[in-house]
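Here's a quick walk through the fold you're about to load. Keep the viewer open and follow along.

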Amino acid sequence: MVVTLDPSTMKVSVILPTYNEKGNIEKLIPALKRCIPWQAEYLVVDDNSPDGTAEKVAELMETAADIRLIVRKDERGLVRAIQRGIDESRGDIIVWMDCDFSLPPEKVPELVAQII
């Protein structure tokens, strides 16, 4: 079965697994929003960061309905965080990225275009 996505109506879910990423997440989400031309949601899956990552995301959520926060207190780890993000996502296309800018936000549209 071939699935055809209409770029004008599709939604992209960006999963952002975090642990102590307060300094990066407050820069990364706005950078992604500037770069992604499609409707998107940003799922921050935080492993109960002691540095205030979840609190920073909650601040961002006050003015942005497209950001969602999942705080995991017991179940931790990158693979499980990504799986939780996939389980909670609402997008037609799902991507994930580290929050350390190892993948520049500007590259995400290219990645999504290749998926389309």
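## A loop residue to start with

Asn48 sits in the loop between S2 and H2; helices (H or I, at least four residues) and strands (E, at least two) are DSSP runs, numbered from the N terminus. Its phi is positive, about 55°, although Asn48 is not a glycine. Most residues other than glycine have a negative phi. With a relative accessible area of 30%, Asn48 is partly exposed. On that scale, buried means under 20% relative accessible area, exposed over 50%, and partly exposed in between (1.4 Å probe, protein chains only).

Before going on, some ground rules: this is a predicted model, where local features need pLDDT of at least 70, side-chain atom pairs count only at pLDDT 80 or more, and totals for chains, interfaces and linings use all residues. Residues are numbered from 1 along each chain as its sequence is written, and side-chain values use heavy atoms, with hydrogens and water left out.

Phe101 belongs with Asn48 in one small table.

| Residue | Loop | Phi | Relative accessibility |
|---|---|---|---|
| Asn48 | between S2 and H2 | about 55° | 30%, partly exposed |
| Phe101 | between S4 and H4 | near 65° | 30%, partly exposed |

## The overall layout

The chain has four helices and four strands, and from the N terminus on they run β-α-β-α-β-α-β-α. As for size, the C-alpha trace spans about 45 × 30 × 25 Å along its principal axes. A compact globule of 116 residues would have a radius of gyration near 13 Å, and the chain's 14 Å agrees with that. The radius is taken over C-alpha atoms, and the globule rule is 2.2 Å times the number of residues to the power 0.38. Of the 116 residues, 42% count as buried.

Contact here means heavy atoms within 4.5 Å. Among contacts between residues at least 6 apart in sequence, 77% join residues at least 24 apart.

## The sheet

The four strands form an open sheet in the order S3-S2-S1-S4, with parallel pairing; two strands pair if DSSP finds at least two bridges between them. S3 and S4 (93–96) stand at the edges with a single partner strand each, so one side of each has no neighbour in the sheet. On average, neighbouring strands are turned by 20° against each other, direction ignored. For angles, axes are lines fitted to C-alpha atoms (for helices over the stretch in contact), and values run from 0 to 180 degrees between N-to-C directions.

S1 and S2 run parallel and are joined by eight bridges, with Pro17 opposite Val45 in S2. S1, H1 and S2 make a right-handed β-α-β unit. Right-handed means that, with the strands pointing away from the viewer, the path from the first strand over the helix to the second runs clockwise.

On the other side of the pairing list, S2 (residues 39–46) and S3 (residues 67–71) pair in the parallel sense over five bridges. The chain crosses from S2 through H2 (residues 53–61) to S3, again as a right-handed β-α-β crossover. Partners in S3 are easy to pick out: Val44 stands opposite Leu69, Val45 is bridged to Ile70, and Asp46 has Val71 as its partner. S2 is mostly covered, with seven of its eight residues buried.

## Helices against the sheet

H1 (residues 22–35) packs on the sheet and touches S1 (11–18), S2 and S3; its direction makes about 165° with that of S1. H4 (residues 108–115) lies across S1 and S4, at about 140° to S4.

Which residues of H2 are buried? They are Thr53, Ala54, Lys56 and Val57. These cover an arc of only 160° around the axis, which puts them on the same side of H2; the arc is that of the directions from the helix axis to the C-beta atoms. The buried residues of H2 pack against S1, H1, S2 and S3.

## Two residues worth a click

Thr18 lies in S1 and, at 4% relative accessibility, counts as buried. Leaving aside residues up to four places away in sequence, Thr18 touches Ile25, Val44, Val45, Asp46, Asp47, Ser49, Thr53 and Cys99.

Arg34, in H1, counts as exposed at 65% relative accessibility. Arg34 and Glu106 are 72 residues apart in sequence, and their C-alpha atoms are 8.7 Å apart in space.
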